[in-house]
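Welcome! Here is a short briefing on how some ring-bearing side chains are arranged. Take a look at the structure first, and then read on.

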Amino acid sequence: MPHSRRILTYAIAAAAATAGVVLPAGAAAAAPRTATSDFNGDGYADLAVGVPDGTVGGKAKAGYVNVVWGGPKGVGAHGSIRVTQATPEVPGTPEAGDRFGASVVLTDLNGDGIAELLSGVPGEDVTDRGTDAGMVIVVDGSKNGPGPGSTVLTGPSQSAAYGKSVAAEHLTGGDNKTIVVGGTDKVVARVIQGEDSMVTTVVAAPMGGRAPVLATGDFDSDGTADLAVAYWTAGVPSTQSHVRLWKWDADQAEMANFWNTDNAGVTALAAGDFDGDGNDDLALGECREIADENIDDPCGPEERFKGGGIHVHYGSPASGSFGTRAQTLNQDTPGVPGVAEDGDRFGAALAVADVNRDGRDDLIAGAPGEAIGSGSGAGAAWLLRGGARGLLDAKGTAASVAWNQDTPSVPGVAEAGDAFGAAVATGDYDADGVPDVTLGSPGENASLGAAWLLPKGSAGGSTAFSPRTLGLPYLSTAQKYGKPLGSR
């Protein structure tokens, strides 16, 4: 199994050896891997919180990224730094509406053990290209704070809004990573080749004004990561929706489309090996059918995507075909706490980690629209455990646990509009060999926002942190802290 084959997954082999964990039959232990989101080189994974609605230097929605340090107590207890376009050697100047931090990734691009920060700035005005052309910026990490920054890509024209989404992975099989950028009706990739690089268009199509959804994983089991892209539009200029997989074609020097599922509109994607067979699977979050006719049930049985369903396509050995086996679940699935209701948005945010270190990845799913008691939109999140058949057993039952702000040991009180679970991420923030879970709640405290740490994916010992506890400025403004989250 390739060492970089999927995002947000964690090694269990070394931890199993030290903790006495016995892998179940059929589970494939992943190769040990170290944190790739260590921005300050101290050995702990860090968390990037994008705050595109944040005020910088009096400029509303100029945006910033809050890098929250990991440490022995996880994230939230060891301080943080604020990276903006006013940070020395970061390109640009904070301007109203830039939305720096609209998309964030912390990942080690060059393999030196220290992560770089990728930040999308879709509202950036670019000289000779127009208003909201957008850009993506990379900021080097270092033991002495943020290093120099540089521009990855700028949008080619007005309203191109490059930076709505961003991803990075070893898509070409080389040592350096490819940076994938989503903008208005377009996804492009900058392929890094030593000192040189090239830019290629992955897909250009109507996307309904939404950010294209990006994820990476080895979906064809050839040892090299692939790219998953999801987008949809309804009525303008036509109703269409796609989830597509792309791989690098070395002969053509471009990304080649090799698998599609149509008529499915999704809000989130996540890749992981949920059944432990050594092949990556793809989870489609908040999957809904978008088509002129009910043709092929692209999100599974209709009753299973009420309130937002999660539809999983499973990988196959190299000799087989990706996605021929699928499972669908929502809050009406046995073993999933809650009741499926319109507006829950179950699966609107997804992340992956092997929380219990059994050799099968688990899926963390947020439902920011979930009502808790009388609190509409208070939000919740679920840990859905992987098993021998994936997220559901042979009887169609899930093994899961749910969290919200009224869950015992979880700080806070579930209130209307909190949107708890609007963003989810995982990382081994205390470097104990077991992945932790972070959850964002951008509606908390009148939309000032906050985030929660669930150590080892458990409510026990969970803590919350916010702009107020971290000493960030502009505490009277609606910063919507907690969305997006970036950690690997």
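Over the face of which residue does Arg325 lie? That residue is Tyr314, and Arg325 sits 4.0 Å from the ring centre. Please keep in mind that this is a predicted model. The notes below cover its aromatic pairs, of which there are 5, and then its charges over rings.

**A stacked pair**
- Among the 5 aromatic pairs is the one between Phe39 and Trp69, which is stacked, with 6.5 Å from centre to centre and 20° between the planes.
- Because Phe39 belongs to the loop between α1 (13-19) and β1 (47-51), while Trp69 belongs to the loop between β2 (64-68) and β3 (80-83), this pair ties together parts 30 residues apart in sequence.
- Both Phe39 and Trp69 are buried.

**An edge-to-face pair**
- Phe219 and Phe322 have ring centres 5.5 Å apart and planes at 65°, so this pair counts as edge-to-face.
- Phe219 is found in the loop between β12 (213-217) and β13 (226-233), and Phe322 in the loop between β19 (309-314) and β20 (325-329), so the pair ties together parts that are 103 residues apart in sequence.
- Phe219 and Phe322 are both buried.
- Trp259 joins Phe219 and Phe322 in a cluster linked by ring pairs.

**Charges over rings**
- Arg210 lies over the face of Trp232, at 3.3 Å from the ring centre.
- Arg325, met at the start, lies over the face of Tyr314.

Notes: Residues are numbered from 1 along each chain as its sequence is written. This is a predicted model: local features need pLDDT of at least 70, side-chain atom pairs count only at pLDDT 80 or more; totals for chains, interfaces and linings use all residues. Side-chain values use heavy atoms; hydrogens and water are left out. Rings of Phe, Tyr and Trp (its six-membered ring) pair if their centres lie within 6.5 Å; planes under 30 degrees apart count as stacked, over 60 as edge-to-face and the rest as tilted. Helices (H or I, at least four residues) and strands (E, at least two) are DSSP runs, numbered from the N terminus. Buried means under 20% relative accessible area, exposed over 50%, partly exposed in between (1.4 Å probe, protein chains only). A charge sits over a ring if NZ of Lys or CZ of Arg is within 6 Å of the ring centre and within 35 degrees of the ring normal.
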